[in-house]
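Here are a few exercises to work through with the structure open beside you. Try each one before reading its solution.

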Amino acid sequence: MMEQALGLARKAEGRTSPNPLVGAVIVADGVVVGHGYHVKAGEPHAEIVALNDAGRRAQGSTLYVTLEPCAHVGRTGPCTESLIAAGVRRVVVAMVDPDAKVNGKGIARLREVGVEVEVGLLETQARRLNEFYVKHRMTGLPFVTLKWAMSLDGKIAADRRSATAITGESARRFAHELRNVYDVVLVGVQTVLADDPQLTCRIPGGRNPLRVILDSRLRIHVAARVATDTVSAKTLIVTTRAASSERVARLRRAGVDVLVQEHDEGRVRLRPLLQELGRRGLLSVLIEGGGTVNASALAEGIVDKVIALIAPGLIGGAHAPTAVEGEGLTHISGPVRLRDVSVIQGLGDDIAIQGYVST
């Protein structure tokens with residue numbers, strides 16, 4: 001039943017931010033009598049959807065839910081009171097909600113009135129499902145994934161002046177599915193200058209993430225697609241005081257959000273940027289930058305997950321760009337190690353390797 005609840009929650013991937021993914025199943029006399037999931041922020045919570053589905057059959061039932069029910073008033077009323085009123089006898093919770101407004105209060109309220117509560121069933125799976133939400137609620141920062149596509153010999157392009165088609169159609173669709181799930185897609189200005197990308201999600205029914213461009217001196221052309229098309233997707237350009245105030249004003253007049261970091265280092269700092277994105281309620285960032293941006297992200301210690309799409313082809317060239325450049329990472333604290341590594345197949349001739357950065 002909890003596996004079913006987790007599966008329901010996944011149906012809303014990329015749609016509930018800044019809220020979590022939550023699924024719920026109500027069982028009476030061994031039979032599922034109600035189920036539901038949280039569709040998007042502002043809509044009824046999963047427990048309420050499941051209660052409405054069950055109706056009077058919820059009396060004396062057991063609720064399986066992937067996240068602790070809330071006990072406070074937000075955009076909607078407290079789920080705990082609806083469960084109590086419906087006569088739910090037992091609640092099985094996968095994980096405690098890390099949000100400070102909840103964090104055990106929902107469980108305590110249910111127990112206070114005699115509802116039996118069990119916590120921890122499939123907790124690992126539930127935390128992985130809501131890894132964006134958990135990171136944001138515990139640190140105030142969004143979850144960061146570093147993604148790139150490369151040849152078998154580790155090259156991400158043939159040269160620095162233009163893009164090189166490396167992976168096949170299935171892998172490219174996988175990349176767009178990631179954009180559909182993440183709140184933000186982030187690149188460096190060099191990617192924009194070389195490719196003039198749209199940075200949108202091009203799958204049917206997909207959601208476009210906020211496009212964040214790192215551009216310390218504001219070299220971006222005002223005719224770039226990320227600057228001119230602000231209807232299908234929003235753009236945030238992050239720059240420094242080294243940028244021309246005239247160019248800042250011109251981009252803002254064109255409808256582009258420009259964030260000027262107030263420091264004198266002459267480069268965009270990623271951790272303060274993440275803090276700002278977190279304050280804006282953005283839970284997840286997908287970095288699709290080149291080797292310089294990737295190296296900066298790893299060096300600043302902001303990366304939670306890495307996804308490398310690998311094509312069975314060779315590019316070669318001593319000066320062809322690679323996935324992680326800069327000065328190298330071993331001078332900091334040794335190689336960056338990944339844990340919980342897995343291989344994603346079914347991408348045509350390509351594969352994806354993903355893992356979490358060890359801390």
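**Exercise 1.** At what angle do helix α2 (residues 46-54) and helix α3 (residues 79-86) pack, and how far apart are their axes?

*Solution.* Keep in mind throughout that this is a predicted model. Two packed helices are described by the angle between their axes and the distance between the axes. For α2 and α3 the angle is about 20 degrees, and the axes are 9 Å apart. Angles under 35 degrees count as roughly parallel, and α2 and α3 are therefore roughly parallel to each other. To finish the description, add the handedness: the crossing in which α2 passes α3 is left-handed.

**Exercise 2.** Check the length of helix α7 (residues 169-181) against what its 13 residues should span, then list its buried residues.

*Solution.* Begin with the expected value: at 1.5 Å a residue, the 13 residues of α7 should span 18 Å. Next, take the end C-alpha atoms of α7, which are 19 Å apart, in agreement with that expectation. Now turn to burial. The buried residues in α7 are Ala-171, Phe-174, Ala-175, His-176, Leu-178, Arg-179, Asn-180 and Val-181. When you look at such a list, remember that an α-helix has 3.6 residues a turn, so residues three or four places apart point the same way.

**Exercise 3.** Which residue forms a salt bridge with Lys-147, and where in the chain do the two partners lie?

*Solution.* The partner is Glu-288, with the closest N and O atoms 3.4 Å apart. Lys-147 sits in strand β6 (residues 143-151), while Glu-288 belongs to the loop between β11 (284-287) and α12 (291-299), so that distant parts of the chain, 141 residues apart, are linked by this pair. For the surroundings, apply the cut-off: buried means under 20% relative accessible area. Lys-147, at 10%, is buried. Glu-288, at 13%, is buried too.

**Exercise 4.** Describe the salt bridge between Asp-196 and Arg-225, and decide whether each partner is buried or partly exposed.

*Solution.* The closest N and O atoms of Asp-196 and Arg-225 are 3.9 Å apart. This pair also connects distant parts of the chain: Asp-196 is in the loop between α8 (189-195) and β8 (210-214), and Arg-225 is in helix α9 (residues 225-228), 29 residues apart. With a relative accessibility of 27%, Asp-196 is partly exposed. Arg-225 is partly exposed as well, at 37%.

**Exercise 5.** Trace the side-chain partners of Arg-280, starting from its salt bridge with Asp-257.

*Solution.* In the salt bridge between Asp-257 and Arg-280, the closest N and O atoms are 2.9 Å apart. Asp-257 lies in strand β10 (residues 257-261) and Arg-280 in the loop between α11 and β11, so the bridge ties together parts 23 residues apart in sequence. Asp-257 is partly exposed at 33% relative accessible area, and Arg-280 is partly exposed at 37%. A further partner is Glu-276, whose side chain makes a polar contact of 2.9 Å with the side chain of Arg-280. Glu-276 is found in helix α11 (residues 270-279) and, with a relative accessible area of 18%, is buried.

**Exercise 6.** How many salt bridges does a search of the whole structure find?

*Solution.* The search gives 22 salt bridges. Among them are the pairs Lys-147 with Glu-288 and Asp-196 with Arg-225.

Key:
Residues numbered from 1 in each chain as written. Predicted model: local features only at pLDDT ≥ 70, side-chain atom pairs only at ≥ 80, totals over all residues. Heavy atoms only, no water. Helix = DSSP H or I, 4+ residues; strand = E, 2+ residues; numbered from the N terminus. Buried < 20%, exposed > 50% of the residue type's maximum accessible area, 1.4 Å probe, protein only. Polar contact = N/O pair within 3.5 Å; in protein donor to acceptor, adjacent residues only side chain to side chain. Expected span 1.5 Å × (residues − 1). Salt bridge = Lys/Arg side-chain N within 4 Å of Asp/Glu carboxyl O. Axes fitted to C-alpha atoms, helices over the stretch in contact; angles between N-to-C directions. Parallel < 35°, antiparallel > 145°, perpendicular 65-115°, else oblique. Left-handed = near helix turned anticlockwise from the far one by under 90°.
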